[in-house]
Amino acid sequence: MSLPYFIADDPASGRLDGAEGRHAVTVKRITAGERIALIDGRGTVAEVEVTGTSGKDRLFGTVVELKNVSQPRPEVIVVQAIPKSERAELAVDLATQGGADAILPWISHRTIARWQGPKVAKNVEKWQLTAREAAKQSRRAWIPEVHDPVTTNQLAEMIQGETALVLHEDAEKKIGEVDLDVDKLFLIVGPEGGIGEDELELLGAVKVKLGPEVLRTASAAFAGLSAIGVLSRW
């Protein structure tokens, strides 16, 4: 059975406090003699044998093993058209489980959910929290960064000259036919209802197909990341 993961500023210290410490000590009831893993979300993983706890939120132990996990290649930035609220967190959770290295919320022409004013920072924070929790659950050493949302025009500028794939049901090219020997890759997931031809032309990304089924926007990134993982990263 894999070790439970907790996020620490300095995994090498073998110490945990704050909200993560409370979760370990009070919620998970971790005690002396058990082993846990501490991560910083940037590749450092420390296997720690717990030697004791203090109060409701402090834990300390001995580092048994310390390692640095390299990011897989290619780095995959998931561009996720913002789904309706009830599906947004699921999309982020699944993308993190699938191995996304970064998540970029996209306000497409057909996006129904609109982030404006104070909602922007609030929703980015919510997505980042979801990514943190999903990374721990899936035992990841790296936590994907959630960026501020972009419009279609901004996205088109961002991916210019980069390898960018857009999942599309009408694509003729299969993802297995794409050259994945690149350092960075943008994986674009459209909104509910699909991406309009005008946006496809504006973006200039390569249309690819995962299979005969039409995937929902919340699960498409996970499926795409899984395919990329099998073909090039795993």
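This briefing walks through a few local features of the structure above. The model is predicted, so please read every value here as computed from it. Two surface patches come up, one nonpolar and one of negative charge, followed by a buried threonine and a lysine pair.

**Nonpolar surface patch**
- Have a look at V230, L231 and W234, which make up a nonpolar patch on the surface.
- Together these residues offer about 390 Å² of accessible area.
- V230 belongs to helix 6, which covers residues 217-233.
- With a relative accessible area of 59%, V230 is exposed, because the cut-off for that class is over 50%.

**Negative surface patch**
- On the surface, a patch of negative charge brings together E169, D170, E197, D198 and E201.
- One of its members, D170, sits in the loop that links strand 10 (163-167) and strand 11 (184-189).
- D170 has a relative accessibility of 53% and so counts as exposed.

**A lysine in the loop between strands 10 and 11**
- K173 is also located in the loop between strand 10 and strand 11.
- Its relative accessible area of 37% makes K173 partly exposed.
- K173 and K207 are separated by 34 residues in sequence, yet their C-alpha atoms are 6.9 Å apart in space.

**A buried threonine in helix 2**
- T96 is part of helix 2, residues 85-98.
- T96 is buried, because its relative accessible area is 0%.
- A polar atom of the T96 side chain lies 2.9 Å from the backbone oxygen of V92.

Key. Residues are numbered from 1 along each chain as its sequence is written. This is a predicted model: local features need pLDDT of at least 70, side-chain atom pairs count only at pLDDT 80 or more; totals for chains, interfaces and linings use all residues. Side-chain values use heavy atoms; hydrogens and water are left out. Patches are made of residues with over 30% relative accessible area and no salt bridge: like charges are joined within 9 Å, nonpolar side chains (Val, Leu, Ile, Met, Phe, Trp, Tyr) within 5 Å. Accessible areas come from the Shrake-Rupley method with a 1.4 Å probe; for residues, only the protein chains shown count as cover. A salt bridge is a side-chain nitrogen of Lys or Arg within 4 Å of a carboxyl oxygen of Asp or Glu. Helices (H or I, at least four residues) and strands (E, at least two) are DSSP runs, numbered from the N terminus. Buried means under 20% relative accessible area, exposed over 50%, partly exposed in between (1.4 Å probe, protein chains only). Lys and Arg count as positive and Asp and Glu as negative; His and the chain ends are not counted. The place of a charge is taken as NZ of Lys, CZ of Arg, CG of Asp or CD of Glu. A polar contact is a pair of N or O atoms within 3.5 Å; within protein, one must be able to donate a hydrogen and the other to accept it, and residues adjacent in sequence count only if both atoms are side-chain atoms.
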